[in-house]
Amino acid sequence: MLQAVRKQVTCRLWVVMDRWYFSKPFLIQCESADFDWVTKAKRNTQMFRRVMEPGTGRERFVPIRPKDLIREVYPMLRVQTRVDIASVACEDIFMKMPKASVNRWGQPCTKMKYTRIAAIVGKRMKPRDNKEDTESSTFLNPNEPEEITEVAAEYKGAYLLISNRYDAPSEVMGAWLKRWRIEVLFRTAKQELGMLNCHSSNENHIHAHMTLLFTAETLVRYITWQQKTAGEEDCTHGQVIRNLLCIRCRTRQATRKNEQDSIMIDLDTPAKKFARLIRDFWPTKLEMRMV
């Protein structure tokens, strides 16, 4: 899927993944395709801190557990009381990543080399509100299954994010927070847009079903945004679907004076609420031919 995206888009993109997708060869492939990645550190993720020996100035890499790293910077999180998500970037954190190399006999091989990464400790400081589609509505889901939560590196509600973008820690946190929008999209797609109602095994049918689904979601989001910009009363995602998409449609043949017979389509859609949508997207000329 990432390769298909790269064929259409050339700019640098983020890959935001859950912990169970963490695989070093996969991360290397993402970086080689010009993708930046961010994920949540596991409890057993092997990490190292670079230190310089006094006197000799020799570089050393000291192992450090993710939980110990979170505990170390936790006091810095507590002083950030005026933000929704408090975050602290840890410096000089490395991981062993596979790199192509050549051994002493000139044969190609793979060696594990220390690679600098971004390590961002984050914690939600303010209680969550009821708006689930906001960018910072959740940093982490506290209701994750126990078999998943038990492997996360956590200390007093703070978690550790790791990424290849050690040069842009603020972008790392921003990319991770947008992940919640994806979760909301899949939830609404399954519960309200019929994502799981396609029972065909034909690949073209599945692609067509998903295309219609995301087209409908785009229209729903457009209507919601349009109402907010117009200062109208907020309409929930489900209300838009019930009022616009889940409607009754009736066709009838009408004969007008001095005109040929025409086909009329009657929709029981509230005209006032969705008039702008129909004006913007309804085709100005719709031709139907009998074959």
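What follows is a conversation about the pocket and the nonpolar cores of a predicted model.

Visitor: What makes the lining of the largest pocket nonpolar, polar or charged in its make-up?

Guide: The lining divides into 19 nonpolar, no polar and four charged residues; since Gly would count as polar, the absence of polar residues means that no Gly belongs to this lining either.

Visitor: Which residues lie nearest the centre of the largest pocket, and which elements give two or more residues to its lining?

Guide: The pocket has a volume of about 1,000 Å³ and is lined by 23 residues, with Met1, Leu2, Val16, Ile182 and Phe186 nearest its centre. The elements giving two or more residues to the lining are α1 (2-8), β1 (13-16) and α6 (179-191), and the largest share, five residues, comes from α6.

Visitor: Why is Met47 called a member of a nonpolar core?

Guide: A core of this kind is a set of buried residues of nonpolar types joined through side-chain atoms within 4.5 Å, and buried means under 20% relative accessible area. Met47 belongs to the largest such core, of 28 residues, and therefore has to meet both conditions. Met47, Leu69, Val121, Leu160 and Ile162 touch the most other members, while β5 (85-102) is among the elements that give two or more residues and gives the most, six.

Visitor: What does Val121 touch?

Guide: Leaving aside residues up to four places away in sequence, Val121 touches Ile70, Val73, Leu77, Ala86, Ser87, Val88, Cys90, Ala158, Tyr159 and Leu160.

Visitor: Which residues does the second core include?

Guide: This separate core of 10 residues includes Ile85, Ile120, Val172 and Met173.

Note on methods: Residues are numbered from 1 along each chain as its sequence is written. This is a predicted model: local features need pLDDT of at least 70, side-chain atom pairs count only at pLDDT 80 or more; totals for chains, interfaces and linings use all residues. Side-chain values use heavy atoms; hydrogens and water are left out. On a 1 Å grid over the protein atoms alone, a cavity is a set of points where a 1.4 Å probe fits but cannot get out, and a pocket is an open set with protein on both sides within 12 Å along at least five of seven lines; lining residues have an atom within 4 Å of a point. Grid points are joined across faces, edges and corners, and a volume is the space filled by probe spheres set on the points. Helices (H or I, at least four residues) and strands (E, at least two) are DSSP runs, numbered from the N terminus. Buried means under 20% relative accessible area, exposed over 50%, partly exposed in between (1.4 Å probe, protein chains only). Contact means heavy atoms within 4.5 Å.
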